[in-house]
Amino acid sequence: MRRRILCPRLAVRSMRANARFYLPYLVACAAVVALHYDIQFLNMNSGMEQLPGSSSVSGLLGVVVLAYDVFSALIISYANDFLMKRRQRELGLYSILGMDRRHIRRLLRCETVYASTISISGGVLLGIAQSGGFLLLFNSLMPSDIPLDFEVPEIAVVYTVFVYVVVLAINLLRNLARVSLTRPIELIRGTDAGDREPRTRWFTAIVGLLALTCGYLISFTANPVQDIMLFLAAALLVIVATYCLFSAGSVALLKKLRSNKAYYYQPRHFFTVSGMLHRMRRNAAGLATICAFSTMALVMTSTTLCMYLGAGPAALQTGDSDLRSVMCAYFFAGLFLSALFLMGSTLVLYYKQVSEGYEDARGFAVMQQVGMSAEEVWDTIRSQAPLAFLPPLAMAACHTLAALPLTSKILMVLGITDFWFVLSCCMATLLVYAVIYFLIYRLTSRERYRMVLDRTSERWVHANE
Amino acid sequence: MALLEVRNVSKVYKTRSMGQGVEALRNVSCIVNQGEFVAIMGESGSGKTTLLNILAALDKPSSGQVLLQRQDLTRVRERHLATFRREHIGFVFQDFNLLDELTVRDNIFLPLVLSGTPHEEMERRMQPLVQSLGIGQLVDQFPYELSGGQKQRVAVARALITRPAILLADEPTGALDSHASQSLLSIFQNLNARGQTILMVTHSVQAASHAERVLFLKDGRFRRQLRRGEHSREELYRAISRVLEKLATRDQGDARA
Ligand SMILES: Nc1ncnc2c1ncn2[C@@H]1O[C@H](COP(=O)(O)OP(=O)(O)O)[C@@H](O)[C@H]1O
Ligand SMILES: [Mg+2]
């Protein structure tokens with residue numbers, strides 16, 4: 001009996017102790033769930049059938065839901081893995097202190113039950129609250145005499161809950177498998193494993209460059225209207241290229257810089273190059289993910305913006321309400337997916353910052369001890385932190401611009417022939433996105449610096465014990 | 001000639017929980033001469049780290065003065081402190097404090113990089129140093145690939161590459177096995193034989209017995225002092241043990257009284 005009581009209490013306590021990682025995870029899950037509900041709310045709304053062109057609208061929204069399911073599952077799994085990696089030490093400690101695996105598994109099950117109850121129910125409630133706003137927007141944009149009504153479609157709730165229960169359950173199974181497969185001593189080492197100097201993977205770097213060239217070439221030469229597969233191929237190539245270049249290309253470049261002694265051993269360059277190399281090794285995948293998500297958000301937003309602004313009025317003039325419905329549906333599709341990718345980028349960014357904060361703290365203490373003033377150390381940390389977060393944005397902007405020929409050919413079919421208009425939609429989106437990205441970066445930086453300070457003082461206390 | 005002079009240094013840690021704070025050092029004075037190898041002995045909590053941090057200007061005393069080469073450390077301006085520390089003081093820690101993301105070479109270069117030393121000069125200084133410390137083959141490896149003893153020798157190289165006036169060591173053998181401790185201590189003795197001033201803090205009798213002079217710190221005060229003089233290391237070892245015993249029994253007497 002006692003065990004049954006112990007476990008939930010321990011679960012609550014460890015969730016609270018890990019609030020810095022758990023809270024963003026819960027918030028992200030809830031936000032993802034809420035948006036999922038909102039798409040379903042529109043899609044399943046009983047007034048939908050009365051809309052002009054309703055079959056193509058719901059067809060489109062169906063595809064959006066599918067894409068949304070896949071990507072949101074990936075984002076949640078990423079957050080879950082981050083959380084687990086950070087907690088390996090704690091779990092290893094439990095098992096060394098005599099908690100057997102059965103207990104650890106029960107602890108994880110308990111936590112998952114709590115986490116999913118909180119985030120899914122919270123998410124659905126948030127989604128219902130938000131759906132009023134989406135309803136207003138939808139009604140004001142849709143060319144229909146019969147506006148949609150506010151309602152809570154049961155099927156939307158059930159579907160949303162079902163999808164995320166499945167996603168969280170799959171993650172629980174992965175976590176359980178991980179606990180069963182690793183020895184406690186490895187759990188304890190957990191966070192430090194894989195902290196090796198990477199070999200320069202020329203092959204991967206070259207594959208990345210080739211994939212990027214091919215992807216861009218397709219965009220500049222092919223006609224996606226004849227073959228939509230080309231669009232997907234280009235997107236896939238660019239994503240592959242992004243991962244290759246971030247993980248291998250950056251390391252190759254930085255190592256080249258490091259081998260130039262006269263350059264490398266100058267104070268500024270020394271910390272920048274060694275710091276970047278270290279970060280790239282650990283964060284390449286995360287940064288590539290930020291880049292990929294940002295690119296998708298950017299392409300999607302700029303294209304739908306262009307469609308809406310460009311083709312909307314045209315449809316209005318011709319009075320083609322079917323076309324307008326489809327435009328509007330595209331607009332919502334872009335809105336939902338962009339929001340999802342933006343959330344994904346934010347989450348990855350936050351976790352990157354927090355984990356780098358941990359590492360900064362150690363370097364901070366050591367550098368002070370070898371003769372750097374506290375201000376100098378802060379300067380170093382502050383000046384090099386943005387360097388790791390600028391490349392994903394820069395590369396996403398580059399990808400977005402490179403996708404312009406492709407997207408403008410698609411837009412041409414819809415009667416938007418003015419390339420300058422397409423370009424300015426794209427630039428406006430880029431600008432807004434850069435501002436949002438910067439704000440998110442600043443907000444998460446604050447958390448990171450606080451972390452460095454906490455950990456640093458903790459260190460001094462330890463050192464003086 | 002007095003290289004380092006500690007005059008009436010006290011340190012009170014103000015804590016939120018306790019009103020009057022913790023008195024870690026009480027009116028401590030001592031002198032370290034040029035070329036000496038001094039050990040400060042004391043149990044855990046006796047104030048050794050506090051003293052060393054103050055000597056390294058990593059922390060400020062609540063009162064008193066610290067003079068290194070006649071310059072008062074407590075008066076050095078905050079923004080010159082880091083440079084001062086880098087140029088005059090070498091520091092070795094119990095847990096090495098190497099940066100895992102840098103190669104051994106770059107870890108050793110770190111203080112020189114901060115001073116803006118040209119790369120050729122760094123290389124020129126490092127070569128004889130790593131040879132004498134027996135880590136010449138390791139310079140292109142990373143700290144996580146080394147044993148504890150090797151890491152500590154890298155830390156010594158990092159501390160010495162700036163040619164500091166004094167080498168401060170806070171329990172440098174604390175994380176090492178007996179073999180590695182032994183070899184680190186003979187390195188210290190060799191360095192000292194070549195003129196390096198060393199101040200080492202430790203709670204190991206074994207480690208302290210390598211020094212020329214041993215100061216005993218207890219509850220934030222110096223209680224006794226031993227000089228090696230013409231005696232052997234073994235004799236010093238026994239003498240240290242006796243003093244520790246006496247200090248312990250006297251305290252029991254105090255407690256009873
Ligand atoms: N940062 C600190 N804040 C409060 N008290 C401290 C701090 N550092 C050390 N102390 C206290 O000062 C005393 C001496 O500590 P320390 O110098 O670390 O001893 P040692 O290194 O000999 O083990 C101890 O009682 C310790 O608790
Ligand atoms: Mg200590």
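**Cysteines, a helix 4 residue and the interface of chains A and B**

C214(A) counts as partly exposed, because its relative accessibility is 38%, a value between the limits of 20% and 50% that bound this class. The structure described here is a predicted model. C244(A), in contrast, is buried, its relative accessible area being 12%, and residues are placed in that class when they fall under 20%.

Neither cysteine is part of a disulfide. A search of the whole structure, over all chains, returns zero such bonds. For C214(A), the nearest cysteine sulfur belongs to C244(A) and lies 12 Å away. The relation also holds in the other direction, since the cysteine sulfur nearest to C244(A) is that of C214(A), at 12 Å. A disulfide requires two cysteine sulfur atoms within 2.5 Å, and the separation of 12 Å therefore excludes a bond between C214(A) and C244(A).

Elsewhere in chain A, T112(A) is located in helix 4, which covers residues 101-141. T112(A) has a relative accessible area of 18% and is therefore buried, the limit for this class being 20%. When residues up to four places away in sequence are set aside, T112(A) touches L168(A) and L172(A).

The contact between the two chains draws 28 residues from chain B and 28 residues from chain A. Together the chains bury about 2,500 Å², and carbon and sulfur atoms account for 61% of this area. Three residues of chain B, namely V113(B), L114(B) and Y144(B), supply 20% of the area that chain B buries against chain A, which is more than any other three residues provide.

With respect to specific interactions across the interface of chain B and chain A, zero salt bridges are found. Two residue pairs are in polar contact across this interface, both at pLDDT 80 or more. On the side of chain B that touches chain A, the elements giving two or more residues are helix 1 (48-55), helix 2 (78-88), helix 3 (104-115) and helix 4 (119-133) of chain B. Helix 3 of chain B gives the most to this side, with seven residues. Classified by residue type, the side of chain B that touches chain A comprises 15 nonpolar, five polar and eight charged residues. Thus eight charged residues of chain B are present on this side, while the interface contains zero salt bridges.

Conventions
Residues numbered from 1 in each chain as written. Chains lettered and ligands numbered in written order. Predicted model: local features only at pLDDT ≥ 70, side-chain atom pairs only at ≥ 80, totals over all residues. Heavy atoms only, no water. Contact = heavy atoms within 4.5 Å. Buried area = accessible area lost by both parts, 1.4 Å probe. Salt bridge = Lys/Arg side-chain N within 4 Å of Asp/Glu carboxyl O. Polar contact = N/O pair within 3.5 Å; in protein donor to acceptor, adjacent residues only side chain to side chain. Helix = DSSP H or I, 4+ residues; strand = E, 2+ residues; numbered from the N terminus. Nonpolar A, V, L, I, M, F, W, Y, C, P; charged D, E, K, R; others polar. Buried < 20%, exposed > 50% of the residue type's maximum accessible area, 1.4 Å probe, protein only.
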